[in-house]
Amino acid sequence: MIEQDAIESSRFSRSAALVGSGARVGINYLKYYARRALSGETNESSLHEENADEIYKTFSRLKGGPLKLAQMLSIDRNLLPPAYARQFAQGQYSAPPLSYPLVVRTFRREFACEPSAMFESFSRQAEHGASIGQVHRASKDGREFAVKVQYPGVADSLRNDLRLIKPIALQVLGLRQQDVEDYFREVEARLLEETDYALELRRSIELSCSSSHLENVSFPTYYPELSSSRVLTMDWVAGIPLDRYADSDSSPAERDQIGQALWDFYSHQIHSLRAFHADPHPGNFLVKDRKLWVLDFGCTKTITEDFHRKQFAFLDPSLLADQARLEKAMEDLDILLPGDGPAEREKMIALCERSIELLSRPFRERNFDFGKPELMTAIYEMGEENRKDETLRSLRGRRGSADSIYVNRTFFGLYSLLSRLRARIRVSLPAVPPFRQPVSPSCCIAA
């Protein structure tokens, strides 16, 4: 993969790149509408291919917020036309890495020395390139390390990047700014946290420690003395990425074991800790020695007891048989709004009933086979229908709590991974009253 020797770091250069990309997307739309007017063309696939390629090239060059947003959107293919989903998925693994001199510059700023002064060996080429940083392999005193190095200027440019990306995202998704402003603020808050590697270090230690009792779930050890606000060092784990493992010749029993570990990990963090790993793409999980290894706690989400109660009220199977309770649950999460008329309420209730029926199936059956395609096929079909539904696009107001974004994203990612694993899962409902396990921030720090 070709390395980048620089990232546009000034506000002007990054703004120019994003504005230029948006302008080229707009020109592509004008060309498409002109062709449609002259020839009656209605196939949008070529338009989406051109625009997706244009946007991804710009986002991958700028990295940071633009590339992270592409990565996030690629997890849920229902949000995007297929051309965008295919292009944006590259952000999970194959973003062009930065050249070694830029890595050295970061080490000098953070530690006042080069990587060679801290490690006995340090790979000049990145092993992985992603949105916020890239990973190098290093060794010292007989240990192998994964060293995540943040791209220069990412944290400083993030807010401005997101302000400029917003019009492009709204155009691609077909949304109105006033209806999604709270959601953008939530995404911005989480992305800003991801640029703080000192915060990620603390959360990685806390969440891995408080989940260490889970069967068949493992975590790397983190090294504060080799980390900073822009460099994060942990054990190197020589495992198989979860998607490659799912596509391998592993036995059904082995896939079930890994799938159960994945389910138990998320169930414990969401329902017991109220703080969870919120970036469930396959590159953040490895399989080694028949255990699930969880990596990268950069994106985490904390939820309140009150929100948890409201959000997971929809897991109650009796809710669909009680219209009054269903409407109250929808009002509690701002899915139904005070200004909705009868037609709007009917539309939203029907949509919610369908969503609940699909998404709560694993909880109703208790032993669920994600290897059967019916659930994910139905979810994808519903998402595609909703994406094309002009009536839904016309509904005014913010629908749902902003806190729901990362919960919904996490569950969709979880279901997708379990489906790819074709795993059979034992499901347990959240405990009531909720059990909260104390977090011990010091128990996993390396000596």
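The largest nonpolar core in this predicted model comprises 84 residues, and F314 and Y415 have the most contacts inside it. Helix α18, residues 404-421, gives the most to this core, contributing 9 residues.

Allow me to stay with Y415. Leaving aside residues up to four places away in sequence, Y415 touches W263, L359, P362, F363, F370, L375, M376 and I379. Apart from the core of Y415 lies another core, this one of 15 residues, including F107, C113, F122 and Y223. As general background, nonpolar side chains in soluble globular proteins tend to be buried together.

I turn now to the chain as a whole. There are 18 helices and 13 strands, and 54% of the 447 residues count as buried. If one takes contacts between residues at least 6 apart in sequence, 72% of them join residues at least 24 apart. The exposed area is about 20,000 Å², with carbon and sulfur atoms supplying 53% of it.

Finally, one helix pair. How do the axes of α13 and α14 cross? Helix α13, residues 323-332, and helix α14, residues 342-359, have axes that come within 11 Å and cross at roughly 95°. Because angles of 65 to 115 degrees count as roughly perpendicular, α13 is roughly perpendicular to α14. On the α13 side, the contact is made by Q323, L326, E327, M330 and E331; α14 supplies R345, M348, I349, C352, E353 and I356. By class, the residues of this contact comprise 6 nonpolar, 1 polar and 4 charged.

Key:
Residues numbered from 1 in each chain as written. Predicted model: local features only at pLDDT ≥ 70, side-chain atom pairs only at ≥ 80, totals over all residues. Heavy atoms only, no water. Core = buried A, V, L, I, M, F, W, Y, C linked by side-chain atoms within 4.5 Å. Buried < 20%, exposed > 50% of the residue type's maximum accessible area, 1.4 Å probe, protein only. Helix = DSSP H or I, 4+ residues; strand = E, 2+ residues; numbered from the N terminus. Contact = heavy atoms within 4.5 Å. Areas by Shrake-Rupley, 256 points an atom, 1.4 Å probe, with all protein chains shown as cover. Axes fitted to C-alpha atoms, helices over the stretch in contact; angles between N-to-C directions. Parallel < 35°, antiparallel > 145°, perpendicular 65-115°, else oblique. Nonpolar A, V, L, I, M, F, W, Y, C, P; charged D, E, K, R; others polar.
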